[in-house]
Amino acid sequence: GLVTSTEMFKKAYEGGYAVGAFNVNNMEIIQGIVEAAAEEQAPLILQVSAGARKYAHPVYLRKLVEAAIEVTGLDICLHLDHGDDFEICKTCVDSGFTSVMVDGSKHPFAENIALTKKVVEYAHDHGVVVEAELGKLAGIEDDVNVDTPNATYTDPDEAVEFVEKTGCDSLAITIGTSHGAFKFKGEPRLDFERLYKISDLLPGFPLVLHGASSVPKEFVDLCNQYGGQIPGAKGVPEDMLRKAAKSGVCKINIDTDLRLAMTASIRQVFVENPGWFDPRQYLGPGRSAIKAMVAHKIKNVLDCSHK
Ligand code: G3H
Ligand code: 13P
Ligand code: ZN
Ligand code: NA
């Protein structure tokens, strides 16, 4: 059924692995992810962004997730990704989400605390858990100053104060990941010392990594080979994610890799079969590509198969 992430995170923390949180936007994406999780008997978080709600309509997404549970018998956590304000978090709590993220990371510390606390009070009253965020993720549009990247990273002492004052159930931290397909200009680098410090100061507390797609070279190459143009795409190496999962990180967010897997596969179908125009002929392979990618993550990166 629909479950919160509480038990998933407890087991992931103790087991030194992570649960995948995959962004969903349509039926084929949901089916591909869920088929993989069902075959691997893996814990699963499906997350919905404001953009996803706008694209697909919240009711369609919720019903599709309910269908996934009915068909597979899996336990799934339905999570709001990057809730900007109290209202969207409340709306999702009221409509059956089991987890919400309130993203107050763009606000000053005290305002982030106040907003998060308000969401925590409402959500906990309704049996829903809350992820918060402290620190700023670099965006692809941001011209990050390479000399002072740490200025926007999560401060370990602030993280402790933030968790104590808000009562949030998990915390997204920034140690060098970023959203999208262009995460690093040079060599990939994450601030593991910072992660270890935060994790030491918050023993037993689940941490979250956003911007954790690996941007697999095979998908980028396929896209580029079949008419795409995404040069210079780069993600977080898989061994870094495995390392993070051993040190307090219980939730790893993946959206870009779903987009790349589906698009690479559809591009290939289009080029190789110019006469095809039945959407099932390309959305089917897109769904299969997602399933294979997610199964690989579950087995080889998150280490959450049969957990
Ligand atoms: O946080 C970013 C996720 O990839 C969601 O992206 O806002 O375009 O749905 P989106
Ligand atoms: P990616 O862009 O690396 O897939 O990150 C997704 C994410 O953090 C969603 O909240
Ligand atoms: Zn994110
Ligand atoms: Na973990």
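Okay, let's start with a word you'll need: a donor here is an N, O or S atom lying within 2.8 Å of a metal, or within 3.2 Å if the metal is Na, K or Ca. Keep in mind, too, that what you see above is a predicted model.

Let's use that word right away, on the sodium ion, ligand 4. Which residues hold on to the sodium ion (ligand 4)? They are Tyr17, Ala245 and Val249, each through its O atom, at 2.3 to 2.4 Å. If you walk along the chain, these donors follow the spacing Y-x227-A-x3-V. Tyr17 sits in the loop between α1 (6–15) and β1 (19–23), while Ala245 belongs to helix α10 (residues 238–245), so this pair ties together parts that are 228 residues apart in sequence. And are Tyr17 and Ala245 buried or exposed? Both are buried.

Now, the other metal: the zinc ion, ligand 3. Its protein donors are three histidines, namely His82 through NE2, His179 through NE2 and His210 through ND1. They lie 2.0 to 2.1 Å from the zinc ion. The spacing this time reads H-x96-H-x30-H. Here again distant parts of the chain get linked: His82 is in strand β3 and His210 is in the loop between β7 and α9, 128 residues apart.

Let's stay with His210 for a minute. Why do we call His210 buried? Because its relative accessible area is 1%, and the cut-off for buried is under 20%. The side chain of His210 also makes a polar contact with the side chain of His82, at 3.0 Å. Leaving aside neighbours within four places in sequence, the residues in contact with His210 include Asp81, Met101, Glu131, Glu133 and Asn253. His179, another of the zinc donors, is on that contact list too.

His210 also takes us to ligand 2. A polar side-chain atom of His210 lies 3.1 Å from an oxygen atom of ligand 2. Two other side chains do something similar: Ser213 has an N or O atom 2.6 Å from a ligand 2 oxygen, and for Thr256 the distance from a polar side-chain atom to a ligand 2 oxygen is 2.6 Å. How much of ligand 2 does the protein bury? On its own, ligand 2 exposes 310 Å², and 96% of that gets buried by the protein.

So who's standing around ligand 2? There are 15 residues, and the closest are Asp81, Lys183, Ser213, Asp255 and Thr256. Sorted by class, that shell has two nonpolar, ten polar and three charged residues. Strands β3 (76–83) and β8 (249–254) each bring at least two residues to it.

Last stop, ligand 1. Around ligand 1 you'll find Asn23, Ser49, Asp81, His82, His179, Asp255 and Arg259. You've met some of those names already: His82 and His179 were zinc donors, and Asp81 and Asp255 were among the closest residues to ligand 2. In this shell, four residues are polar, three are charged and none is nonpolar.

Three side chains reach oxygen atoms of ligand 1. Ser49 does it at 2.6 Å, Arg259 at 3.1 Å, and His179 at 3.4 Å. As for cover, ligand 1 has 300 Å² of accessible area when taken alone, and the protein covers 66% of it.

If you want one residue to click on, try His210: a donor to the zinc ion, with a side-chain atom 3.1 Å from an oxygen of ligand 2.

Key:
Residues numbered from 1 in each chain as written. Chains lettered and ligands numbered in written order. Predicted model: local features only at pLDDT ≥ 70, side-chain atom pairs only at ≥ 80, totals over all residues. Heavy atoms only, no water. Near = heavy atom within 4 Å. Polar contact = N/O pair within 3.5 Å; in protein donor to acceptor, adjacent residues only side chain to side chain. Areas by Shrake-Rupley, 256 points an atom, 1.4 Å probe, with all protein chains shown as cover. Helix = DSSP H or I, 4+ residues; strand = E, 2+ residues; numbered from the N terminus. Nonpolar A, V, L, I, M, F, W, Y, C, P; charged D, E, K, R; others polar. Buried < 20%, exposed > 50% of the residue type's maximum accessible area, 1.4 Å probe, protein only. Contact = heavy atoms within 4.5 Å.
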